[in-house]
Amino acid sequence: MGLDYGTKTVGVAISDELLITAQGIETITRKEENKLRKTCARIEALIEEYGVEKIVLGLPKHMNNDIGTRAEASIAFGEMLKRRTGLEVVMWDERLTTVEAERTLIENKVRREDRKKYIDKIAAVFILQGYLDSRSS
């Protein structure tokens with residue numbers, strides 16, 4: 001399972017059974033940044049539904065490789081997921097995945113006002129696909 005953790009949404013992607021390709025499945029939305037109970041419950045339901053064995057969580061580093069407040073929040077979220085699910089959580093450098101997701105949506109002629117609905121889910125696909133590709137090389 002690949003996750004793009006943001007302040008208001010979490011994009012979710014799942015790999016195929018052969019661990020070759022990633023597909024976006026949904027964007028979890030929450031009303032407040034610190035309200036994670038329903039978000040975690042939904043992630044746990046998806047873990048059960050898809051038989052997830054590992055979580056790949058995007059780590060939003062700065063371009064100079066520094067860890068900022070968003071990356072610290074992602075690390076804390078990853079630790080919480082590890083405690084709640086018992087699964088391994090791999091932190092994956094997600095720099096430029098949102099830019100790449102935006103570019104993909106533009107190339108596919110998705111209207112500007114509709115892009116917000118898809119961008120986090122597509123970013124989660126890029127995070128998970130990057131991890132899957134690294135395993136095969």
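Helix 4 runs over residues 112-136, and its length checks out nicely in this predicted model. At 1.5 Å a residue, its 25 residues should span 36 Å, and the end C-alpha atoms sit 35 Å apart, which agrees. Still, helix 4 isn't perfectly straight: around Tyr-118 there's a bend of about 50 degrees. Quite a few of its residues are buried, including Ile-119, Asp-120, Ala-123, Ala-124, Ile-127 and Tyr-131.

Now look at Asp-4, over in strand 1 (residues 2-5). Setting aside neighbours within four places in sequence, Asp-4 is in contact with Asp-120, Ala-123, Ala-124 and Ile-127, among others. Does Asp-4 have a partner of opposite charge, and where is the nearest one? Asp-4 is buried but has no salt bridge; the nearest side chain of opposite charge is Arg-70, 8.3 Å away.

On to the aromatic rings. A pair of aromatic rings is described by the distance of the centres and the angle of the planes. Here the count comes to two aromatic pairs:

| Pair | Type | Centre to centre | Angle between planes |
|---|---|---|---|
| Tyr-5 and Phe-77 | stacked | 4.1 Å | 10 degrees |
| Trp-92 and Tyr-131 | edge-to-face | 5.6 Å | 85 degrees |

Tyr-5 belongs to strand 1 and Phe-77 to helix 2 (residues 69-85), so their pair ties together parts 72 residues apart in sequence. Both Tyr-5 and Phe-77 are buried. Trp-92 lies in strand 5 (residues 88-93) and Tyr-131 in helix 4, so this pair links parts 39 residues apart in sequence. Trp-92 is partly exposed, at 24% relative accessible area, while Tyr-131 counts as buried at 11% relative accessibility.

How values were computed. Residues numbered from 1 in each chain as written. Predicted model: local features only at pLDDT ≥ 70, side-chain atom pairs only at ≥ 80, totals over all residues. Heavy atoms only, no water. Helix = DSSP H or I, 4+ residues; strand = E, 2+ residues; numbered from the N terminus. Buried < 20%, exposed > 50% of the residue type's maximum accessible area, 1.4 Å probe, protein only. Lys, Arg positive; Asp, Glu negative; His and termini not counted. Salt bridge = Lys/Arg side-chain N within 4 Å of Asp/Glu carboxyl O. Contact = heavy atoms within 4.5 Å. Expected span 1.5 Å × (residues − 1). Bend = angle between axes of the 7 residues up to and from the residue. Phe/Tyr/Trp six-rings, centres within 6.5 Å; stacked < 30°, edge-to-face > 60°.
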